Amino acid sequence: MVIIADMSLTINFNLKTPSKEKSLLMAIIRVDGRKLRVSTQQNVLTASFDKVKQRCFTSKEKFSIRENKHCEEVNKILDEIVETSSRIYNSSIPDSDIIASIHSAISDITEVKKNENQILKMSPIEFFSYYIEQKRVDSHTGRYIGERTKIHQRTVIKRLSDFIKDNRLPDTFATFTSRNFDQQFTNWCYSIRNYKQNTVYATYGVLKPLLNAAKAEGFEFGDAYKSLKGKCNDTDAIYLTEDEIKKIYLLDIPSLIKAGEIDAKSTIEKTRDLFIISCWTGLRRSDINRLEKATFDIEAKTISITAEKTKQQVVIPMHPMVLALYNKYRGVFPRLCDKGHTIEHLRQCARLAGIDSEVRMVQNRGGKVSTLIYKKYQLVGMHTGRRSFATNMYKRRFPTIAIMRLTGHTTESNFLKYIKVSAEENAAMMAEEFFKIKKPFDDE
């Protein structure tokens, strides 16, 4: 029995069915002569309950590790019931409402625990799906997890689900945390799905935080999964030079439509124009599609916008091509079409602009490394604009930190992934600087 406030509040915990191996634990609360009997929603081993101390006890000799852990969890709930009841009793709540308030509070406590127990009964795939749909704040950015991130996470969970189905593996945490999971999953990605190496790494980049979340929730498994490589290899993505951007900008689309090179009903000109803006601002597709939110200061020749992804405000100088397009649309810009048609439009523009040099790319697909040869226009996409902006500004010798202020990158390592200067271009840039240095043997 727990006695509080000079016998005015007493709390007992009793076994409902003490003759059975397991019993539901009841809370009997008396307040100034009034009695409340309510379930704690906790089933305990009868042999583990100390009737005198009103708590469960642990014993390595008598009970298993799981049973002992359950005893500790039950005791925490009982302590919380006592503390909450005492707080309510000593509050300013009218005496007539105390019993009802204590009953409601205990129900809340037990309901939370009930939900936690239900979560711990989930399979990994069920838990992963449940977890990503919760409204969560990213601890690194302080922002709510965006829908784009959730879409990527859903794709990864579907991939993991397909993996266990194809291999007839159990949907248990042991499947994803065993030491041979990496080999099993990589073999499946390569031999069955013909995925790229970066698809494997991208999967691990999502899986590891999900397993960390599961462990924090109370699931028990080892730490072997922490050695999985979650960082993708840098890809040989292209950028467009300033001359190539100019060629696309100067395409005479009305004439090409008359010549039958472009469908007269196509919105390719709008796509081209928005791509040019991306090339000279470094804005992501998501921000190009919301230029109505940007402030175009024609006098100062700057563009101010709060980036959709990072929620950071960036101020970008307005290139003459961007100013010309602003005037063309009188400040009311169109929106990009769907991604598939956008890519089709951009590659057609690049082809018609004669951007057809050969590009060699090393690719690891299905565990086989090969060198593929593309025409450059075949690799152009909307993100090429952002990458081209960063690279061309770098080639103009602007300080890295200054370019990062424009692109919104927060770390230099992430920013440098966008710089696509070839070995030849890098050597030429260095040679140019070398020739500016006075030779040590020159006359003073």
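This section describes salt bridges, backbone angles, a charged patch and selected contacts in a predicted model.

In total, 18 salt bridges are present in the structure. One of them joins the side chains of glutamate 133 and arginine 154, with a separation of 2.8 Å from N to O. Because glutamate 133 belongs to the loop between α3 (124-132) and α4 (147-166) whereas arginine 154 belongs to helix α4, this pair ties together parts of the chain that are 21 residues apart in sequence. Both partners fall in the intermediate class of accessibility: glutamate 133 is partly exposed, its relative accessible area being 39%, and arginine 154 is likewise partly exposed, at 31% relative accessibility.

A salt bridge is also formed between the side chains of aspartate 162 and arginine 193, for which the N to O distance is 3.7 Å. Here the pair links distant parts of the chain, since aspartate 162 is located in helix α4 and arginine 193 in the loop between α6 (181-192) and α7 (197-217), 31 residues apart. The two partners are assigned to separate classes of accessibility, in that aspartate 162 is buried, with a relative accessible area of 13%, while arginine 193 is partly exposed, with a value of 29%.

In another salt bridge, glutamate 244 is paired with lysine 376, and the closest N and O atoms of the two residues are 2.8 Å apart. Glutamate 244 is part of helix α8 (residues 242-249) and lysine 376 is part of the loop between β11 (368-375) and α14 (382-395), so that the pair ties together parts that are 132 residues apart in sequence. Glutamate 244 is buried, with a relative accessible area of 13%, and lysine 376 is also counted as buried, at 9% relative accessibility. Elsewhere, Lys158, Asp162, Asp166 and Arg193 are joined into one network by salt bridges that share partners; the bridge between aspartate 162 and arginine 193 described above involves two members of this network.

Charged side chains are also found in a surface patch of positive character, which is formed by Lys16, Arg30, Lys35 and Arg37. Of these residues, arginine 30 is placed in strand β3 (residues 22-31) and is classed as partly exposed because its relative accessibility is 34%, a value that lies between the limits of 20% and 50%.

Attention is next given to the backbone. Most residues other than glycine have a negative phi. Glutamine 41, although not a glycine, has a positive phi of about 65 degrees; this residue lies in strand β4 (residues 34-45) and is partly exposed, with a relative accessible area of 43%. A positive phi, near 60 degrees, is likewise found at glutamine 54, which is situated in the loop between β5 (49-50) and β6 (55-56). In contrast to the partly exposed glutamine 41, glutamine 54 is buried, with a relative accessible area of 5%.

The surroundings of three further residues were examined. Asparagine 68 is located in helix α1 (residues 65-89) and counts as buried at 10% relative accessibility. When neighbours within four places in sequence are left aside, asparagine 68 is in contact with Thr58, Ser59, Lys60 and Phe63.

Phenylalanine 275, in helix α10 (residues 268-281), is counted as buried because its relative accessibility is 1%, under the limit of 20%. Apart from residues up to four places away in sequence, phenylalanine 275 touches Leu240, Ile248, Leu346, Val380, Gly381, Met382, Thr384 and Gly385. For the last of these, glycine 385, the separation along the chain is 110 residues, while the C-alpha atoms of phenylalanine 275 and glycine 385 are separated by 6.3 Å.

Glutamine 312 is found in the loop between β8 (302-306) and β9 (313-317) and, at 33% relative accessibility, counts as partly exposed. Beyond the neighbours within four places in sequence, the contacts of glutamine 312 comprise Ile305, Thr306, Ala307, Gly408 and Thr410. By C-alpha position, glutamine 312 is separated by 52 Å from valine 38, a residue 274 places away along the chain.

Methods:
Residues numbered from 1 in each chain as written. Predicted model: local features only at pLDDT ≥ 70, side-chain atom pairs only at ≥ 80, totals over all residues. Heavy atoms only, no water. Patch = residues over 30% accessible without salt bridge, like charges linked within 9 Å, V, L, I, M, F, W, Y side chains within 5 Å. Areas by Shrake-Rupley, 256 points an atom, 1.4 Å probe, with all protein chains shown as cover. Salt bridge = Lys/Arg side-chain N within 4 Å of Asp/Glu carboxyl O. Lys, Arg positive; Asp, Glu negative; His and termini not counted. Charge placed at Lys NZ, Arg CZ, Asp CG, Glu CD. Helix = DSSP H or I, 4+ residues; strand = E, 2+ residues; numbered from the N terminus. Buried < 20%, exposed > 50% of the residue type's maximum accessible area, 1.4 Å probe, protein only. Contact = heavy atoms within 4.5 Å.
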